[in-house]
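Biologist: I would like to learn how to read a ligand site, one feature at a time. Could you take me through it slowly?

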Amino acid sequence: MITHYFEDKFGHAAQISGFTPGRVNLIGEHTDYNGGMVLPTALELGITVAMSPRKDSTIQIRSDKFEGVAQRDVADSAQEHWSDYITGSIALANTEGLMQGGADIAVETTLPFGAGISSSAAITVCVLKLARDMAGSKLSDQDIAVMARRVENEYIGMPCGIMDQMAVAIAHPGQALALHTDTLDYDLVDLPGDHHMAVIHSGVYRALNEGRYKIRKEECDEIKAALGHDNICQISDSELEALRSLGDTLYRRARHCVTDHRRTVDAVTCLRNHEMEKLGELMNESHISMRDDFEITVPKVDKLVSDALTLGALGARQTGGGFGGCIVACVPKDKVENWSAELFAQNPDAFWVA
Ligand code: GLA
């Protein structure tokens with residue numbers, strides 16, 4: 001238990017503790033910084049944090065996943081260390097008046113790192129929620145998500161959108177968050193009881209800050225500059241056609257944003273109406289669009305997706321930032337066991353996440 005772990009490591013009781021889930025995105029990829037819709041769902045897996053404020057500016061962090069103690073300071077900048085997300089969150093909590101000083105922090109996690117299921121958003125949101133609650137502040141979960149994105153964008157230097165932070169701050173397991181990233185309006189939609197959204201790691205690891213995500217973001221910035229506004233996802237067919245003048249690559253990047261946004265809008269209707277076959281088709285089209293238009297898949301993931309379908313998934317696609325990580329597959333619950341056993345036999349590096 002996190003409170004025991006905290007006391008064991010720091011020799012005094014934690015003032016507060018909390019849990020934040022990881023997330024998997026069902027559909028709508030790289031649409032969240034381009035004005036479109038996303039449909040992530042919260043996982044049972046997540047991060048538990050216990051914390052006590054300190055009077056000085058020191059931040060001491062213990063994690064069940066890393067040896068020793070990370071000793072940081074509120075004034076530290078990012079150092080490409082696992083403790084950066086927590087340090088950045090405490091620093092922002094100070095800037096925003098939620099805290100004055102550092103903290104002792106203990107972390108336990110069931111979320112694998114680098115799997116594309118938002119361990120970084122979960123830790124950031126969790127720490128900021130605890131800082132809010134300690135301060136007795138009335139900031140909403142949505143406000144916390146926006147702050148958590150600032151930690152990623154401004155402190156870590158990762159130019160991500162708002163999907164992960166909103167998903168882990170707001171959704172609960174069993175629910176999908178149908179989020180309009182242009183307005184932050186959202187609905188929570190229940191997942192069907194008879195199908196499982198299986199999350200399978202491909203065995204290909206990637207770090208979002210390694211640069212390829214940033215290149216896509218910069219390509220989208222070029223498209224936005226040509227459009228004269230920031231909403232690529234919701235342009236009309238004729239506006240999309242006009243973007244052919246930017247060359248084939250940028251045209252295909254824009255086409256992915258537009259079509260994946262539209263697929264996500266349709267997917268929300270499918271979920272509500274329990275049209276699982278159609279939802280599966282949309283997931284498959286999304287994967288093809290990520291592979292051919294946005295070019296963020298890798299051959300090993302393409303094979304995993306294709307095997308997942310051959311073995312009986314209704315739909316399957318790479319999920320998250322891309323270039324490896326996890327796939328998500330919609331599988332009838334009574335088939336999951338055989339389906340996954342076969343899938344792992346054919347893809348020995350792949351493993352079950354959720
Ligand atoms: C990462 C980012 C998100 C989003 C996805 C791609 O998870 O953190 O903001 O852009 O990639 O959909």
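Biologist: In which pocket does the ligand sit?

Modeller: A pocket is an open set of points on a 1 Å grid over the protein atoms alone, where a 1.4 Å probe fits, with protein on both sides within 12 Å along at least five of seven lines, and a molecule sits there if more than half of its atoms lie within 2 Å of its grid points. Here the ligand sits in the largest pocket. This is a predicted model, in which local features need pLDDT of at least 70, side-chain atom pairs count only at pLDDT 80 or more, and totals for chains, interfaces and linings use all residues. Residues are numbered from 1 along each chain as its sequence is written, and side-chain values use heavy atoms, with hydrogens and water left out.

Biologist: Why does the ligand lie between domain 1 and domain 2?

Modeller: Domain bounds come from an automatic or database domain assignment; domain 1 (2-190) and domain 2 (195-352) both give residues to the shell around the ligand, so the ligand lies between them.

Biologist: Which side chains have an N or O atom paired with an oxygen atom of the ligand?

Modeller: A polar contact is a pair of N or O atoms within 3.5 Å. An oxygen atom of the ligand is 2.6 Å from such an atom in the side chain of Asp32, and for the side chain of Arg23 the value is 3.0 Å. With Gly321, a polar backbone atom is 3.4 Å from a ligand oxygen.

Note on methods:
A polar contact is a pair of N or O atoms within 3.5 Å; within protein, one must be able to donate a hydrogen and the other to accept it, and residues adjacent in sequence count only if both atoms are side-chain atoms. On a 1 Å grid over the protein atoms alone, a cavity is a set of points where a 1.4 Å probe fits but cannot get out, and a pocket is an open set with protein on both sides within 12 Å along at least five of seven lines; lining residues have an atom within 4 Å of a point.
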